Amino acid sequence: MVEKREFLSVTSIVAMGIGTALYAAFNVFFNIFQLPGTQLVALRPSVAIPMFFGFVFGPIVGFVAGFLGNIISDAISWGGFWWNWDVGNGLLGLIPGLAIFLIKKEATSKSKGLILCSILSIIASIIGMGFAAYTDYIFGYGISTIEEATYALFLPAAITDAVNGAIITPILVAAYSAAVKGRARRA
């Protein structure tokens with residue numbers, strides 16, 4: 001049985017703020033690395049930030065870090081924001097946060113937890129970027145065909161985010177866990 005965790009604590013609110021700030025700052029930097037043949041899709045290893053915050057602190061923290069971080073970085077990088085891409089980036093953090101219902105907190109930094117972290121990061125990339133790309137098509141935001149949504153938006157964004165998330169997020173989780181354990185030993 002997975003223990004009950006508190007969704008909105010002081011720690012969670014602080015984590016939302018830190019995650020949002022880090023995601024926005026790193027996105028502004030990585031937004032300059034546009035993938036050729038796409039429409040404003042960038043190579044962003046920073047997607048691991050909301051995934052990490054979701055996996056460690058829960059789905060609400062992950063969603064807020066991805067959603068608000070993307071709004072801020074798009075406003076700085078492009079002078080506006082696109083609600084569906086912000087929701088898609090929120091899903092990048094929310095879905096790994098569902099681990100809270102699947103695994104005990106103590107197991108999140110062990111091999112089983114890190115594998116789950118990678119799998120949830122891949123699923124989050126597919127669902128989050130799928131939502132963003134296909135709502136562009138559905139609402140006619142510069143995309144006129146489903147093939148264009150698939151090949152110019154969904155595939156480049158989902159594949160790069162899945163690779164970055166599946167590799168970087170477990171590394172961040174393991175490093176965070178080691179840091180927390182080291183701090184606990186010194187106390």
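## Terms and model

Helices, as the word is used here, are DSSP runs of H or I with at least four residues, numbered from the N terminus. The structure described is a predicted model, and two of its features are taken up below.

## The second largest pocket

Of the helices that border the second largest pocket, α6 supplies the largest share of the lining, namely four residues. Helix α6 spans residues 146–186, and together with α3, α4 (83–97) and α5 (111–138) it belongs to a group of helices that each supply at least two residues of this lining. The second largest pocket holds about 360 Å³ of space.

In total, 19 residues line the second largest pocket, and those that lie nearest its centre are Q39, L40, V41, D74 and W85. By residue class, the lining of this pocket is made up of 10 nonpolar, five polar and four charged residues.

## The packing of α2 and α3

Helix α3, which contributes to the pocket lining, also packs against helix α2, where residues 48–57 form α2 and residues 59–78 form α3, the angle being about 160° and the axes lying 6 Å apart. Because angles over 145 degrees count as roughly antiparallel, α2 is described as roughly antiparallel to α3. The crossing of these two helices, α2 and α3, is right-handed.

On the α2 side the contact is made by P50, F53, G54 and F57, which meet P59, V61, G62, A65 and G66 of α3. The residues of this contact between α2 and α3 comprise six nonpolar and three polar ones, with no charged residue among them.

Key. Residues numbered from 1 in each chain as written. Predicted model: local features only at pLDDT ≥ 70, side-chain atom pairs only at ≥ 80, totals over all residues. Heavy atoms only, no water. Axes fitted to C-alpha atoms, helices over the stretch in contact; angles between N-to-C directions. Parallel < 35°, antiparallel > 145°, perpendicular 65-115°, else oblique. Left-handed = near helix turned anticlockwise from the far one by under 90°. Contact = heavy atoms within 4.5 Å. Nonpolar A, V, L, I, M, F, W, Y, C, P; charged D, E, K, R; others polar. 1 Å grid on protein atoms, 1.4 Å probe; cavity = no way out; pocket = protein on both sides within 12 Å on 5 of 7 lines; lining within 4 Å. Points joined across faces, edges and corners; volume = space filled by probe spheres on them.
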